[in-house]
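User: Hi! I am new to reading protein models and would like to learn how to go through one feature by feature. Could you guide me?

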Amino acid sequence: MTDTTGSAPTTTSPANKGVKQGLPATGLPTAEQAAGKLWNVARLGTATPEAFARQFGDKVKPSGGAWDTRMALLRGFKLLRFEGKQMGLSELGQRLVNSSDLNEQTRARRTAVLTLKAYRELVEAFNGTTLPEAAALASKLQFEYGKTEEFARRAAQAFIESLRHAAMLGADNVVHKDGVGHILPTVPAPAEPNLPDAPTDGDFQDAADAAQIDLAFGEEDADEDSPESGDERLPLADRTPAVSLALTLDLSKYTAPEVVTLLRTLGFGGRG
């Protein structure tokens, strides 16, 4: 075998920086259901992640893919708050699950939709116009967010259901940022920052939440709808994006078993 030690490494194509982030495959109704379960154990206070996880099954633990997607969704809609290792509902989350005042609950739903950056941008883009058919909307999301056709289809349906849930989609399928009906007052547009080029804390938080959503709602999220087993995957916050690396190895001096062991050590052993 030719020794390629001195050869130049190959490179991968640069990432598409135009692709947006933070698009979930499930929407506000799912987040509200999860918030309701957290309310059951925390009320106005806090509870342990373990207590919250058990609301989804006696053997469910606060780890694994389904847990990550749930936490990312709740964070994206700003429904969580943390006190040390304990967690509870944010003020918005408490309003969202309070069904004793339906008008206020509807307002909270609309606020939550506009809090999630990806949804807010879509609402602003379609406000006052007819929402495209689900298939056309999915095509738009597929291109803008760099998703597969199936993921984009699910994300489009989740967005539509979220708008309906928050009373932001009229009978004529027109999007209403301020809500449908007289009970929903107009929300004033946020003031322009004095330094438009300087990111605000909200910008940083939006970016962090979007990154967590992308990590949790990966293309291989098949375990999202399956029973949770409490696997030992790292918590979402402890993960880092994978780094693409291309290189050439000369393995001619190794036996077949040694090659297999070396590849597994380098992380190319597959999932088995």
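Analyst: Happy to. Keep in mind that this is a predicted model. Let's begin with charged pairs: a search of the whole structure finds 15 salt bridges.

User: Which residue forms a salt bridge with Lys-117?

Analyst: The partner is Glu-121, and the closest N and O atoms of the two are 2.6 Å apart.

User: Why can those two positions in the chain pair up, and how are Lys-117 and Glu-121 placed in helix 6?

Analyst: Here is the general idea: an α-helix has 3.6 residues a turn, so residues three or four places apart point the same way. In this structure, Lys-117 and Glu-121 sit 4 residues apart in helix 6 (residues 117–126), which means about one helical turn separates them. Lys-117 is partly exposed, with a relative accessible area of 34%, and Glu-121 is partly exposed too, at 28%.

User: What other salt bridge can I look at within a helix, for instance with Arg-153?

Analyst: Arg-153 meets Glu-150 through their side chains, at 2.6 Å from N to O. The two are 3 residues apart in helix 8, so about one helical turn lies between them. Arg-153 is partly exposed, with a relative accessible area of 46%, and Glu-150 is also partly exposed, at 42%.

User: Which residue does Glu-124 meet in a salt bridge?

Analyst: Glu-124 meets Lys-177, with 3.6 Å from N to O. Glu-124 belongs to helix 6, while Lys-177 is in the loop between helix 8 (149–165) and helix 9 (201–216), so this pair ties together parts that are 53 residues apart in sequence. Glu-124 counts as partly exposed, at 43% relative accessibility.

User: Which residues are linked in a network of salt bridges?

Analyst: The network links Lys-20, Lys-117, Glu-121, Lys-140 and Glu-144. You have already met Lys-117 and Glu-121 as a pair.

User: Now for helices as whole objects. How do I describe the way helix 6 and helix 7 pack?

Analyst: Two packed helices are described by the angle between their axes and the distance between the axes. For helix 6 and helix 7 (residues 134–145), the angle is about 125 degrees and the axes are 13 Å apart. The two helices are therefore oblique to each other. Helix 6 passes helix 7 in a right-handed crossing.

User: How does the span of helix 5 compare with what it should be?

Analyst: The idea is to count 1.5 Å a residue: the 14 residues of helix 5 (residues 102–115) should span 20 Å, and the end C-alpha atoms are 20 Å apart, which agrees. At the N-terminal end, Asp-101 acts as a cap, with a side-chain oxygen 3.3 Å from the backbone nitrogen of Asn-103.

User: Is Leu-114, in helix 5, buried or exposed?

Analyst: Leu-114 counts as buried, because its relative accessibility is 13% and the cut-off for buried is under 20%. Other buried residues of helix 5 include Gln-105, Ala-108 and Val-113. Leu-114 also shows how sequence and space can differ: Lys-177 is 63 residues away in sequence, yet the C-alpha atoms are 8.3 Å apart.

User: What can I try the same reading on, say in helix 1?

Analyst: Helix 1 (residues 28–42) has 15 residues and reaches 20 Å from its first C-alpha to its last, close to the 21 Å expected. Among its buried residues are Leu-28, Ala-31, Gly-36 and Leu-38. Just after helix 1, Arg-43 has a positive phi of about 50 degrees.

Definitions and conventions:
Residues numbered from 1 in each chain as written. Predicted model: local features only at pLDDT ≥ 70, side-chain atom pairs only at ≥ 80, totals over all residues. Heavy atoms only, no water. Expected span 1.5 Å × (residues − 1). Buried < 20%, exposed > 50% of the residue type's maximum accessible area, 1.4 Å probe, protein only. Polar contact = N/O pair within 3.5 Å; in protein donor to acceptor, adjacent residues only side chain to side chain. Salt bridge = Lys/Arg side-chain N within 4 Å of Asp/Glu carboxyl O. Axes fitted to C-alpha atoms, helices over the stretch in contact; angles between N-to-C directions. Parallel < 35°, antiparallel > 145°, perpendicular 65-115°, else oblique. Left-handed = near helix turned anticlockwise from the far one by under 90°.
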